[in-house]
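User: I should like to go through this structure in a series of questions, with the reasoning given for each answer. Please begin once the sequence and structure are displayed.

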Amino acid sequence: MPIYEYQCRGCGHRFEYLLRAASPAAACPGCGKTELDQLISLSGVSSEATRGASLSAAHQKAAGVRNEKSRSEHKQQHDHFGH
């Protein structure tokens with residue numbers, strides 16, 4: 001099921017539309033008109049390499065959050081109990 005990107009000729013609103021077999025013609029959600037220009041969209045590609053890179057980036061971000069939380073807790077204890 002492709003997702004198409006449109007721009008309304010009437011009001012200029014840009015939107016995405018999921019096209020299914022039984023879907024009615026796309027209409028602008030802003031003004032309701034059907035005079036639309038279909039835009040050229042970039043396609044998303046997923047592979048084992050991109051999934052691995054995304055997972056690695058997520059792990060690094062989570063580790064950074066954990067480290068910052070640990071530093072913050074340590075600072076709070078240090079400030080609370082003194083030097």
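User: What share of the contacts in the chain with a separation of 6 or more comes from residues 24 or more positions apart?

Analyst: Contact here means heavy atoms within 4.5 Å. The model is predicted: local features need pLDDT of at least 70 and side-chain atom pairs count only at pLDDT 80 or more, while totals for chains, interfaces and linings use all residues. Residues are numbered from 1 along each chain as its sequence is written, and side-chain values use heavy atoms, with hydrogens and water left out. Among contacts in the chain with a separation of 6 or more, the share from residues 24 or more positions apart is 32%.

User: Which element of the chain has the lowest mean pLDDT?

Analyst: pLDDT is the predictor's confidence in each residue, from 0 to 100; its mean over the chain is 89, and 96% of the residues reach 70 or more. Helices (H or I, at least four residues) and strands (E, at least two) are DSSP runs, numbered from the N terminus, and the chain has one helix and three strands in the order β-β-β-α. Among these elements β3 has the highest mean, 94, and the lowest, 91, belongs to α1.

User: What radius of gyration does the chain have, set against that of a compact globule of 83 residues?

Analyst: The radius of gyration is taken over C-alpha atoms, and the globule rule is 2.2 Å times the number of residues to the power 0.38. Along the principal axes, the C-alpha atoms fill a box of roughly 70 × 35 × 20 Å. A compact globule of 83 residues would come near 12 Å, but the chain has 24 Å.

User: Which strands each supply at least two residues of the largest nonpolar core?

Analyst: A nonpolar core is a set of buried Ala, Val, Leu, Ile, Met, Phe, Trp, Tyr and Cys residues joined through side-chain atoms within 4.5 Å. Buried means under 20% relative accessible area, exposed over 50%, and partly exposed in between (1.4 Å probe, protein chains only); 10% of the 83 residues count as buried. The largest core has seven residues: Tyr6, Cys8, Phe15, Tyr17, Ala26, Cys28 and Leu36. At least two of its residues come from each of β1 (3–8) and β2 (14–18).

User: Which residues does Tyr17 touch, not counting those up to four places away in sequence?

Analyst: Tyr17 is one of the residues of the largest nonpolar core. Beyond four places in sequence, Tyr17 touches Pro2, Ile3, Tyr4, Tyr6, Ser23, Pro24, Ala25 and Ala26.

User: Why is there no bond between the sulfurs of Cys31 and Cys8?

Analyst: A disulfide is a pair of cysteine sulfur atoms within 2.5 Å, and the structure holds zero of them. Cys8 counts as buried at 3% relative accessibility, whereas Cys31 is partly exposed at 36%. The closest cysteine sulfur to that of Cys31 is in Cys8, and it is too far for a bond, at 3.6 Å.

User: Which residues is Cys11 in contact with, leaving aside neighbours within four places in sequence?

Analyst: Cys11 is found in the loop between β1 and β2 and is partly exposed, with 43% relative accessibility. Its C-alpha atom is separated by 7.6 Å from that of Gly30, 19 residues apart along the chain. Leaving aside neighbours within four places, Cys11 is in contact with Cys28 and Cys31.

User: How far apart in sequence are the parts that the pair of Asp37 and Arg9 ties together?

Analyst: A salt bridge is a side-chain nitrogen of Lys or Arg within 4 Å of a carboxyl oxygen of Asp or Glu, and the count by this rule is five. In the one between Asp37 and Arg9, the closest N and O atoms are 2.8 Å apart. Asp37 lies in strand β3 (residues 36–38) and Arg9 in the loop between β1 and β2, so the parts tied together are 28 residues apart.

User: Which residue forms a salt bridge with Glu68?

Analyst: Glu68 is partly exposed, with a relative accessible area of 46%. Its partner is three residues apart from Glu68 in helix α1 (residues 48–81), so about one helical turn separates the two. The closest N and O atoms are 3.5 Å apart, and the partner is Arg71.

User: Which residue meets the side chain of Arg14 in a salt bridge?

Analyst: Arg14 counts as exposed, at 51% relative accessibility. The N to O distance in its salt bridge is 4.0 Å, and the partner is Glu5.
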